[in-house]
Amino acid sequence: MLTLGHDLKTHQPVTLDASRARVLCVCGKRGSGKSYTLGVLAEELFQQQPAPCVLIVDPVGIFWTMAQSADASGHGLPVQLLVPGEPTTAYPPPLLEHFQRLGITVERITLRPSDLSPDAWCEFFALSVNEPLGIAMARAVQSLTDVVTGFDLGDLEDAVQHDPLAQDRTKEALLNRLSMAKSWKLFDAQSADLTQRLTPDRLFVLDCSILDYGTHGLRSLVLAMVARNLFTAYHAARQQALPPKILVGGQAVVTDSPRTPLWLLIDEAHQFIPQGSSTLAKDALIRWVKEGRQPGLSCILASQQPGSLDQDVLSQCDALIAHKLTNLEDLQAANRLSQAYMGSELKVYLRHLKGPGQAVLVDDARERVAMLQVRLRLTRHGGGEL
Ligand SMILES: Nc1ncnc2c1ncn2[C@@H]1O[C@H](COP(=O)(O)OP(=O)(O)O)[C@@H](O)[C@H]1O
Ligand SMILES: [Mg+2]
């Protein structure tokens, strides 16, 4: 059980069952306590027995502070920072030293170019698959898909260079893009499987804040590849563990996932799964929330406006933690998540919320609604000073 805080009326603890895989949404206006609550959830998950693996996707760069105690006077939880790209260029030396003093492990992660489909490469470079640049790009990737050992950006450059069907100007334009992608130091054909690295004894924080928000959906690309990598590994493990079916008294028993359950916490989730527009991460995350429960994959999405999250994903949520909302449109979007068992509409509950950290919990699993004060953090919240 995760203890989120106390009920505003009864003062009893408000809990959430985390013994099985779940999809949760945390919403609220800016400054209402979403990131703080995400931190509380991460602390609670970390303390579960047995503990799941926890991976926080951090587009703002505020979760490494969980390595400190709430008042920053001592140590908090063991944090491992996953850095897409080169840490020594991503952080100034004093910050890296600070991480070291706090015991934060900084680990570089890279992506395999071969994990991206020809279409996804085009989308990444914002190329239409129906125009010469996109066609040539897709052809170059396609020509390498049979390479069993995977391929590097250098191999892609060679493929473009030696494409007999592409014109020189097309080649030049693609080579420019590939050279830019090389400069991010993000790709590596030999990139290790992330699943092997995630363990329950640390909090893993994927720091997307170091990636330029505007550059070709780089953040979405990273999350897409991380999510796909983990989903594939968990799904495959589950498939392998299924047969032979265990029969007890003639009834099939559903075997647990052979892997440690994994919770993916995504702050500012609308960056990755916006309603009405596509991102590279969207498909991977939709698959995660729709098909992830059986293999043991959970997800918590925090976003300012519930209406800005993809509705397909939102409909998969089995619990909602709604902080204060004032904007009419956001209130209406949240209100659509009202449930029959609630007594009155969600907007009525939301109206009674006061300061930051107060929230309405709508829990489909127990068909329960509670108004709560989210508990204080044990670790430092990095969001307040931003
Ligand atoms: N449960 C809480 N208890 C006490 N203070 C809180 C709580 N939740 C949020 N706050 C305060 O509100 C501020 C904003 O919260 P934050 O989670 O950063 O907002 P946002 O919704 O924008 O992510 C925090 O810096 C903190 O001071
Ligand atoms: Mg926030």
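Biologist: In this predicted model, in which loop is the place of proline 50?

Modeller: Proline 50 lies outside the helices and strands that flank it, helix 1 (34-47) and strand 4 (53-58). Its place is the loop between helix 1 and strand 4.

Biologist: Which residue is joined to proline 50 by a cis peptide bond?

Modeller: The bond in question has an omega of about -10 degrees and is cis. The residue joined to proline 50 through this bond is glutamine 49.

Biologist: What is the strand order of the open sheet of 12 strands?

Modeller: The pairing within this open sheet is mixed. From one strand to the next, the twist averages 25 degrees. The order of the strands is 2-1-14-13-12-3-11-10-4-7-5-6.

Biologist: Which strands stand at the edges of the sheet?

Modeller: An edge strand here has a single partner strand, so one side of it is left without a neighbour in the sheet. The strands in that position are strand 2 (13-16) and strand 6 (105-109).

Biologist: Which residue stands opposite proline 84 in strand 6?

Modeller: Strand 5 (residues 79-84) pairs with strand 6 in the parallel sense, over five bridges. Opposite proline 84, strand 6 places isoleucine 109.

Biologist: Do strand 3 and strand 12 run parallel or antiparallel, and which residue of strand 12 stands opposite cysteine 25?

Modeller: Strand 3 (residues 23-27) and strand 12 (residues 319-322) are joined by four bridges and run parallel. The residue of strand 12 opposite cysteine 25 is leucine 320.

Biologist: In which sense do strand 12 and strand 13 pair, parallel or antiparallel?

Modeller: Four bridges connect strand 12 with strand 13 (residues 358-363). Isoleucine 321 stands opposite leucine 361 in strand 13. The sense of the pairing is antiparallel.

Biologist: Are helix 6 and helix 7 roughly parallel or antiparallel to each other?

Modeller: The axes of helix 6 (residues 153-161) and helix 7 (residues 168-183) come within 10 Å and cross at roughly 175 degrees. An angle over 145 degrees counts as roughly antiparallel. The two helices are therefore roughly antiparallel.

Biologist: How many nonpolar residues does the contact of helix 6 with helix 7 have?

Modeller: Helix 6 contributes Leu153, Leu156, Glu157, Val160 and Gln161, which meet Lys171, Leu174, Leu175, Leu178, Ala181 and Lys182 of helix 7. One residue of this contact is polar and three are charged. The nonpolar residues number seven.

Biologist: Which residues of helix 9 make the contact with helix 8?

Modeller: The axes of helix 8 (residues 218-241) and helix 9 (residues 282-291) come within 8 Å and cross at roughly 35 degrees, and the crossing is left-handed. From helix 8, the contact uses Ala224, Ala227, Arg228 and Phe231. By class, six residues of the contact are nonpolar, none is polar and two are charged. The residues of helix 9 are Ala284, Leu285, Arg287 and Trp288.

Biologist: Is glutamine 240 buried or exposed?

Modeller: Glutamine 240 has its place in helix 8. A residue with 12 or fewer C-beta neighbours within 10 Å is exposed. Because glutamine 240 has 9 such neighbours inside 10 Å, it counts as exposed.

Biologist: Where is lysine 185, which has a positive phi although it is not a glycine?

Modeller: The phi of lysine 185 is about 50 degrees. With 15 C-beta neighbours inside 10 Å, lysine 185 counts as partly exposed. Lysine 185 is found in the loop between helix 7 and strand 7 (203-207).

How values were computed:
Residues are numbered from 1 along each chain as its sequence is written. Chains are lettered from A and ligands numbered from 1 in the order in which they are written. This is a predicted model: local features need pLDDT of at least 70, side-chain atom pairs count only at pLDDT 80 or more; totals for chains, interfaces and linings use all residues. Axes are lines fitted to C-alpha atoms, for helices over the stretch in contact, and angles run from 0 to 180 degrees between N-to-C directions. Angles under 35 degrees count as roughly parallel, over 145 as roughly antiparallel, 65 to 115 as roughly perpendicular and the rest as oblique. Two residues are in contact if their C-beta atoms, placed from the backbone, lie within 7 Å. Ala, Val, Leu, Ile, Met, Phe, Trp, Tyr, Cys and Pro count as nonpolar, Asp, Glu, Lys and Arg as charged, and the others, Gly among them, as polar. Two strands pair if DSSP finds at least two bridges between them. A crossing is left-handed if the near helix is turned anticlockwise from the far one by less than a right angle, and right-handed if clockwise. A residue is buried if 20 or more other C-beta atoms lie within 10 Å of its own, exposed if 12 or fewer, and partly exposed in between; C-beta atoms are placed from the backbone.
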